[in-house]
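Reader: Could you take me through one part of this chain at close range? I'd like the charged surface patch and whatever surrounds it, told as one connected story.

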Amino acid sequence: MCSLEQFKIDLKALAEDITPLDYELSDQFFEALDDADIQRGSVHVSGSIRKAVGFFELHLDISGTVCVPCDRCLDDIDLPIATSLHQTVKLGSEYSEDDDAIVVDEREATLDTSWLIYESIALAVPIQHVHQPGDCNDAMMRMLTEHSAARSSDADANQEADPRWSKLAELVNK
């Protein structure tokens, strides 16, 4: 089990202007977050957090592969991802997030980057997860084809042809 404590940054304890960050994410990271979409992966995260006057700048470069189910055959598929995260962090009275900045409670002054990293990874995954042609599970593809053909033939049998189309076909055939 992965400890998510390593992803928590104590903002008040940052002594240097720029603090480097480097993480290697494995299957245990995704399992620790208990998310159903991505359960496995091998991802490298590198970047830094810069301490400025009144705020912090978080910059992370994220690259690697994640494993998700194929939309067609439901077998696992490894998808490459590459993204970056730029976020402004401020200290305030209570935790909040908006498009411009994350406000962290100044009493705790701890930024948990684990969910920020996960969200960046999840957004980098393509919407459609499919194998290359011919790589899907053959048995599942046969079943899908059979059920799709049965469903479309039932719909065709129950639906009468629009009479306007038959009139157009007569004009074309003349």
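Author: Here is a walk through the negative patch, followed by the loops, the salt bridges and the overall build of the chain.

Keep in mind that this is a predicted model. The patch itself is a cluster of negative charge on the surface, made up of Glu97, Asp98, Asp99, Asp100 and Glu119. Let's zoom in on Asp99. You'll find Asp99 in the loop that links strand 6 (96–97) to strand 7 (101–105). How open is that spot? Asp99 has a relative accessibility of 78%, and anything over 50% is called exposed, so Asp99 lands in the exposed class.

Now follow the chain along strand 7, which covers 101–105. Asp105 pairs up with Arg107 in a salt bridge, and their closest N and O atoms sit 2.9 Å apart. The two partners make a nice contrast in accessibility. Asp105 is buried because its relative accessibility is 13%, under the 20% cut-off. Arg107, on the other hand, is exposed, with a relative accessible area of 68%.

Keep going and you run into Ala109, in the loop between strand 7 and strand 8 (110–112). The backbone does something worth a look here: phi of Ala109 is positive, near 55°, and this isn't a glycine. Why point that out? Because most residues other than glycine have a negative phi. Ala109 is also buried, its relative accessible area being 0%.

There's another positive phi to compare with it. Leu74 isn't a glycine either, and its phi is near 70°. Leu74 is in a loop too, the one between strand 4 (56–69) and strand 5 (76–92). Its surroundings are another matter: Leu74 has a relative accessible area of 56%, so it counts as exposed, whereas Ala109 is buried.

Back to the charges, then. The chain has a count of four salt bridges, and the Asp105–Arg107 pair is one of them. Another joins Arg50 to Glu57, with the closest N and O atoms 2.9 Å apart. Both of these partners are partly exposed: Arg50 comes in at 29% relative accessibility, and Glu57 has a relative accessible area of 34%. Then there's Lys8 with Glu5, where the closest N and O atoms are 3.2 Å apart. Lys8 is partly exposed at 37% relative accessibility, while Glu5, at 51%, counts as exposed.

Finally, let's step back and see what all this is built into. The chain has four helices and eight strands. In sequence order, the pattern reads β-β-α-β-β-β-β-β-β-α-α-α. With a radius of gyration of 25 Å, well over the 16 Å that the globule rule gives for 174 residues, the chain is more spread out than a compact globule. The box filled by its C-alpha atoms, taken along the principal axes, is roughly 85 × 35 × 25 Å. As for burial, 32% of the 174 residues in the chain are buried; Ala109 and Asp105 are among them. Asp99, where we began, is exposed and belongs to the negative patch on the surface.

Notes:
Residues are numbered from 1 along each chain as its sequence is written. This is a predicted model: local features need pLDDT of at least 70, side-chain atom pairs count only at pLDDT 80 or more; totals for chains, interfaces and linings use all residues. Side-chain values use heavy atoms; hydrogens and water are left out. Patches are made of residues with over 30% relative accessible area and no salt bridge: like charges are joined within 9 Å, nonpolar side chains (Val, Leu, Ile, Met, Phe, Trp, Tyr) within 5 Å. Accessible areas come from the Shrake-Rupley method with a 1.4 Å probe; for residues, only the protein chains shown count as cover. A salt bridge is a side-chain nitrogen of Lys or Arg within 4 Å of a carboxyl oxygen of Asp or Glu. Lys and Arg count as positive and Asp and Glu as negative; His and the chain ends are not counted. The place of a charge is taken as NZ of Lys, CZ of Arg, CG of Asp or CD of Glu. Helices (H or I, at least four residues) and strands (E, at least two) are DSSP runs, numbered from the N terminus. Buried means under 20% relative accessible area, exposed over 50%, partly exposed in between (1.4 Å probe, protein chains only). The radius of gyration is taken over C-alpha atoms; the globule rule is 2.2 Å times the number of residues to the power 0.38.
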